[in-house]
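Biologist: I'd like a close look at one part of this model and what sits around it. Could you take me through it slowly?

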Amino acid sequence: GLGIPAEPLFRSSILDEFLQSVKKYYEIIAFTSATKEYADSIENEIENEIKYFDYRLYRQHAIIYDNHLVKDISRIGRPLEKIIIIDNMPQNYMLQKENGIMIKPYWGGDDYDTALISLEDILIKIACNFDDVRKGILFYKDDIVNKVSSNFSRKEKNLLNTYGNYK
């Protein structure tokens, strides 16, 4: 399974290409801390022509832990060795750090944002070469940091150092 944050995802050709490509290797679950109504409006736009998301999870599916709203992926009924959660806020996956990949949020209009393209390649390599995705995330840690996380702001780097798994 692949947990994708639903907010803010703006429809783009890069996003469509990414979802089409990783859909061949992963079950895609959109897990957002947003309300169902808000998230559905965005996710419906993303899935306007092609259905990408196998399931959708919302704020009510998250838990409060250490004063944070957390996406506890152990509760979604999939083996943890098969789940990768991609999120722009590492505290969202603080209970399963080894399953998480932090990605910079995409606000639209940035033609030079290549994080999804870089991540697509890494995710495919993990799917093809590792029975346990956590071992793949650890193996490709340097690629993730250099290609996906390299343009993080100081605030994002601090969040990653506090809550993330690849310092």
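What do the buried residues of helix 2 pack against?

Modeller: Keep in mind that this is a predicted model, with local features needing pLDDT of at least 70 and side-chain atom pairs counting only at pLDDT 80 or more, while totals for chains, interfaces and linings use all residues. Residues are numbered from 1 along each chain as its sequence is written, and side-chain values use heavy atoms, leaving out hydrogens and water.

Now to your question: the buried residues of helix 2 pack against helix 1 (13–23), strand 2 and strand 3. The helix itself covers residues 36–46, and its buried residues are Ala 39, Asp 40, Ile 42, Glu 43 and Ile 46. By buried I mean under 20% relative accessible area, with exposed over 50% and partly exposed in between (1.4 Å probe, protein chains only). Helices (H or I, at least four residues) and strands (E, at least two) are DSSP runs, numbered from the N terminus. If you're eyeing the spacing of that buried set, remember that an α-helix has 3.6 residues a turn, so residues three or four places apart point the same way.

Two of those partners belong with helix 2 in one motif: strand 2, helix 2 and strand 3 form a right-handed β-α-β unit. Right-handed here means that, with the strands pointing away from the viewer, the path from the first strand over the helix to the second runs clockwise. Strand 2 (residues 28–31) is covered on both faces, with Ile 28 and Ala 30 buried on one side and Ile 29 and Phe 31 buried on the other. That split follows the usual rule: in a regular strand the side chains alternate between the two faces of the sheet. Strand 3 (residues 55–57) runs parallel to strand 2, joined over three bridges; to count as a pair, two strands need at least two bridges found by DSSP. Along that pairing, Phe 31 sits opposite Leu 57.

Phe 31 also has company from further along. His 61 is in the loop between strand 3 and strand 4 (63–65), 30 residues from Phe 31 along the chain, yet their C-alpha atoms are separated by 8.4 Å. Leaving aside neighbours within four places in sequence, His 61 is in contact (heavy atoms within 4.5 Å) with Phe 31, Arg 56 and Arg 75. His 61 counts as partly exposed because its relative accessibility is 31%.

The remaining partner, helix 1, leads on to helix 3 (residues 115–129). The axes of helix 1 and helix 3 come within 10 Å and cross at roughly 5°, so the two helices are roughly parallel to each other. Axes are lines fitted to C-alpha atoms, for helices over the stretch in contact, and angles run from 0 to 180 degrees between N-to-C directions. On the angle words: under 35 degrees is roughly parallel, over 145 roughly antiparallel, 65 to 115 roughly perpendicular and the rest oblique. Helix 1 brings Ile 14, Leu 15, Glu 17, Phe 18, Ser 21 and Val 22 to meet Leu 116, Ile 117, Leu 119, Glu 120, Leu 123 and Ile 124 of helix 3.

Helix 3 has dealings with helix 5 (residues 141–148) too: their axes come within 9 Å and cross at roughly 165°, so these two are roughly antiparallel. In that interface, Ala 115, Ser 118, Leu 119 and Ile 122 of helix 3 meet Asp 143, Ile 144, Lys 147 and Val 148 of helix 5.

Back among the strands, strand 6 (residues 84–87) is another one covered on both faces: Ile 84 and Ile 86 are buried on one side, Ile 85 and Asp 87 on the other. Strand 6 pairs with strand 7 (residues 100–102) in the parallel sense over three bridges, and Ile 85 stands opposite Gly 100. In the loop between strand 6 and strand 7 you'll find Asn 92, which counts as buried at 4% relative accessibility. Beyond its neighbours within four places in sequence, Asn 92 contacts Leu 69, Val 70, Lys 71 and Asp 87.

To place your helix in the whole chain: there are six helices and seven strands, running β-α-β-α-β-β-β-β-β-α-α-α-α from the N terminus on. Of the 167 residues, 51% count as buried.
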